[in-house]
Amino acid sequence: MLIRINGREETVPDTTDTITALLEFLNIQARQTAVEVNGAVIEHNSFAATKLHNGDTIEIVSFVGGG
Amino acid sequence: MKVHINGKAGTVEPDQTIDEVRMQYCPEADITIRNCIISPPGHTRVAEGDALYFIRKGVAPDADNLEKLLYARQPDALTGRLKSARVGIVGAGGLGSVVAENLARAGVGKLVIADFDLIEPSNLNRQRFTVAQLGTPKVDALAENIRSFNPFTAVDAVHERITAENCRQIFSGCGIIAECLDSASEKAAIVTALRNHHPESFIVAASGLAGLGNGSSIKTVKATARLYIVGDMTSDADQGLGLFASRVGIAASMQAHVIIQLLTGVEPC
């Protein structure tokens, strides 16, 4: 599956078909991210149910602590 | 010829020098500022539309004059835009206390600052509070500090823990909201909620400001059309790098700077 992540085209396995699966594939802590798919903000409790499709544009902001 | 003198419309003769205008309006002035620049005493002629400020040292101006003189080093047109702005700040700690100070000094008209916490000793190495303020709600101390240097910024101090639910109502009407929290998961949760509840607002968040990495490694990134992130994106306080006023302050000042750019029509990046 070909998707665009943070402006870069990436090929991911077809089994990486939800936000949860994608974050696991990228080794990113789900709780520490803000995610948008095709411009829509995805709530954390919808990560597992949000299906990804070929050609999707995904923005992933991964936060670290401190303030 | 129309000019502005100490923030008010005035008229001068076309061939008048700045010194002549000073003698006419405020002969005791020690400092002359013309179009944001401190002008030495001299015979420069005033130009149409000049913003002139004449300031006396050692004299406290009345409130109306104070508000004008406070912004003498900023372009008048931009000061006007900042005064009409309403900005939200989530968190009043190392980031929030500095963001709030920078915005208030520039003359942002209204700040909505929300934080549940009380000031304790480990805050003082980087957060803009005093020993006398220990035990005080951070939002109340910040409002007090802001009043002490710019009484013309109205502060709505919200002493509550910000949640994905209450951030909808608390920050309603804020065209820009700064995320100034400490924990990574809270940052992610609140940025998500703010983007959902306030889709038309700009969100300016921070990530990666711990430790003693170079200050210049802290950048501003435009993540989406209305979401900016300031930080080096990697230096994590949870790895024990420590938090220092100097580096946290760089990130916070950059957050405030992005906000001032957005309010005055400058593209941040």
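The following dialogue examines how several features of this predicted model earn their descriptions.

Student: To begin with chain B, how many helices and strands are there, and what are the dimensions of the chain?

Tutor: Chain B has eight helices and twelve strands. Its C-alpha atoms fill a box of roughly 65 × 40 × 40 Å along the principal axes. Of its 269 residues, 50% count as buried. Among contacts in chain B with a separation of 6 or more, 67% join residues 24 or more positions apart.

Student: What makes F202(B) and Y228(B) an aromatic pair, and why is the pair called tilted?

Tutor: The ring centres of F202(B) and Y228(B) are 6.4 Å apart, and rings pair if their centres lie within 6.5 Å. The angle between the planes is 35 degrees. Planes under 30 degrees apart would count as stacked and those over 60 as edge-to-face, so the remaining angles are called tilted. The structure holds one aromatic pair over all chains.

Student: Which parts of chain B does the pair tie together?

Tutor: F202(B) belongs to strand 10 (residues 202-206) and Y228(B) to strand 12 (residues 227-231), so the pair links parts of chain B that are 26 residues apart in sequence.

Student: Are the two partners, F202(B) and Y228(B), buried or partly exposed?

Tutor: Y228(B) has a relative accessibility of 1% and counts as buried, because buried means under 20%. F202(B), at 21%, is partly exposed.

Student: What makes R105(B) and R161(B) count as charges over a ring?

Tutor: R105(B) lies over the face of F149(B), at 3.9 Å from the ring centre. R161(B) lies over the face of F116(B), also at 3.9 Å from the ring centre. The distance limit is within 6 Å, and the charge must also lie within 35 degrees of the ring normal.

Student: Why is the phi of N6(A) worth noting?

Tutor: Most residues other than glycine have a negative phi. N6(A) is a residue other than glycine with a positive phi, near 50 degrees. It sits in the loop between strand 1 (2-5) and strand 2 (8-11) of chain A.

Student: Where is N27(A), and what is its phi?

Tutor: N27(A) lies in the loop between helix 1 (19-25) and strand 3 (33-37) of chain A. Its phi is also positive, near 60 degrees.

Student: Why is N27(A) called exposed, and N6(A) partly exposed?

Tutor: N27(A) has a relative accessible area of 71%, and exposed means over 50%. N6(A), at 42%, counts as partly exposed, because that class lies between 20% and 50%.

Student: How do you know that N123(B) is buried, although it is in a loop?

Tutor: N123(B) is placed in the loop between strand 7 (110-114) and helix 5 (138-149) of chain B. Its relative accessibility is 4%, and buried means under 20%. Leaving aside residues up to four places away in sequence, N123(B) touches L118(B) and K138(B).

Student: What is known of the largest pocket?

Tutor: The largest pocket holds about 350 Å³ of space. Of its 23 lining residues, those closest to its centre are D115(B), F116(B), D117(B), L181(B) and D182(B). By class, the lining has seven nonpolar, seven polar and nine charged residues.

Student: Which residues and elements line the second largest pocket?

Tutor: This pocket has a volume of about 290 Å³. Its lining has 13 residues, with N6(A), I60(A), V61(A), S62(A) and M233(B) nearest the centre. Strand 5 (57-62) of chain A and strand 11 (219-224) of chain B each give two or more residues to the lining. The largest share, four residues, comes from strand 5 of chain A. The classes are eight nonpolar, three polar and two charged.

Student: What makes a space a cavity, and which residues line the largest one?

Tutor: A probe of 1.4 Å fits in a cavity but cannot get out, whereas a pocket is open. The structure holds one cavity of 30 Å³ or more, and the largest cavity has a volume of about 40 Å³. Residues of chain A and chain B line it, including A34(A), V61(A), V191(B) and L227(B). Strand 3 and strand 5 of chain A, together with helix 7 (184-197) of chain B, each give two or more residues to this lining. By class, six are nonpolar, one is polar and three are charged.

Terms used: Residues numbered from 1 in each chain as written. Chains lettered and ligands numbered in written order. Predicted model: local features only at pLDDT ≥ 70, side-chain atom pairs only at ≥ 80, totals over all residues. Heavy atoms only, no water. Phe/Tyr/Trp six-rings, centres within 6.5 Å; stacked < 30°, edge-to-face > 60°. Buried < 20%, exposed > 50% of the residue type's maximum accessible area, 1.4 Å probe, protein only. 1 Å grid on protein atoms, 1.4 Å probe; cavity = no way out; pocket = protein on both sides within 12 Å on 5 of 7 lines; lining within 4 Å. Points joined across faces, edges and corners; volume = space filled by probe spheres on them. Nonpolar A, V, L, I, M, F, W, Y, C, P; charged D, E, K, R; others polar. Contact = heavy atoms within 4.5 Å.
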